[in-house]
Amino acid sequence: MDHQHFMTIALKQARQALDAGEFPVGCVIADGKTVVATGARQGTRQNRFNETDHAEIVALRNLATLDPAPDRAGLVLYSTLEPCLMCFGAILIHGISKIVYGCEDMMGGGTGCDLSALPPLYREKRVEILAGVMRAQSLALFKAFFQSPDHAYLKETLLARHILSQAD
């Protein structure tokens with residue numbers, strides 16, 4: 001599977017979010033050949049923060065509207081930022097078998113969760129994680145967001161400090 005191809009599309013989603021004043025997370029769900037669903041972060045502009053419209057959740061909602069539904073066990077989810085615990089749980093429940101992400105989320109990333117310590121709904125799932133795909137490109141978008149005085153979302157947080165401390 002061409003991870004860079006699909007991550008490039010996720011980066012375009014993230015760029016569109018950034019251009020709209022949103023936190024630049026983009027997400028693509030692919031079946032190995034084609035994109036079946038996309039999503040971009042919503043609800044972070046104008047200091048009215050909505051913590052449920054993450055790019056992965058938007059993409060999963062779009063996936064749920066497909067008819068016929070694709071075989072979810074064969075799907076790969078691409079995100080410019082490591083999915084948070086909420087998104088990771090939703091991805092597991094949806095039965096997606098692989099997550100590929102660009103930049104680590106030092107503050108809220110959920111992919112390092114010990115699945116064996118979770119309830120059966122999550123514990124019985126198997127998911128492969130591939131981190132750091134096109135990390136530099138993802139990092140550049142997050143840096144642009146945090147360096148802009150126009151954005152207040154997550155300013156002065158562990159994530160912002162981590163992103164801004166990274167070398168170009």
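This briefing walks through helix 5, the nonpolar core and some salt bridges of the structure above. The model is a predicted one, so please read each point as a description of that prediction. Its largest nonpolar core has 49 residues, and a search of the whole structure finds six salt bridges.

**Helix 5**

- Helix 5 covers residues 135-147, which makes 13 residues.
- At 1.5 Å a residue, this helix should span 18 Å, and its end C-alpha atoms are indeed 18 Å apart, so the expectation and the model agree.
- Its buried residues are Ser138, Leu139, Leu141, Phe142, Lys143, Phe145 and Phe146.
- What covers these buried residues includes two helices, helix 1 (3-19) and helix 6 (158-165), along with strand 3 (76-81) and strand 4 (98-103).

**The nonpolar core**

- In soluble globular proteins, nonpolar side chains tend to be buried together.
- Within the 49-residue core, the residues with the most contacts are Met7, Phe23, Ile29, Leu63, Tyr78, Ile96 and Phe146.
- Helix 1 gives the most to this core, with six residues.
- Phe146, one of the buried residues of helix 5, is also among the core residues with the most contacts.
- Leaving aside neighbours within four places in sequence, Met7 is in contact with Tyr78, Ser79, Thr80, Val100, Tyr101, Gly102, Val133 and Met134.

**Salt bridge Asp19 and Arg15**

- Side chains of opposite charge can pair when their charged atoms come close.
- Asp19 and Arg15 form a salt bridge, with the closest N and O atoms 3.4 Å apart.
- Because they are four residues apart in helix 1, about one helical turn separates Asp19 and Arg15.
- Asp19 is exposed, at 58% relative accessible area, while Arg15 is partly exposed, at 38%.

**Salt bridge Glu51 and Arg41**

- A salt bridge joins the side chains of Glu51 and Arg41, at 3.1 Å from N to O.
- Both Glu51 and Arg41 lie in the loop between strand 2 (35-40) and helix 2 (55-64), so the pair ties together parts that are ten residues apart in sequence.
- Glu51 counts as partly exposed, with 38% relative accessibility, whereas Arg41 is buried, with a relative accessible area of 4%.

**Salt bridge Glu104 and Arg135**

- The side chains of Glu104 and Arg135 meet in a salt bridge at 2.7 Å, N to O.
- Glu104 sits in the loop between strand 4 and helix 4 (120-123) and Arg135 in helix 5, so this pair ties together parts that are 31 residues apart in sequence.
- Glu104 is buried, with a relative accessible area of 16%, and Arg135 is partly exposed, with 24%.

Note on methods. Residues are numbered from 1 along each chain as its sequence is written. This is a predicted model: local features need pLDDT of at least 70, side-chain atom pairs count only at pLDDT 80 or more; totals for chains, interfaces and linings use all residues. Side-chain values use heavy atoms; hydrogens and water are left out. The expected span of a helix is 1.5 Å times one less than its number of residues. Buried means under 20% relative accessible area, exposed over 50%, partly exposed in between (1.4 Å probe, protein chains only). Contact means heavy atoms within 4.5 Å. A nonpolar core is a set of buried Ala, Val, Leu, Ile, Met, Phe, Trp, Tyr and Cys residues joined through side-chain atoms within 4.5 Å. A salt bridge is a side-chain nitrogen of Lys or Arg within 4 Å of a carboxyl oxygen of Asp or Glu.
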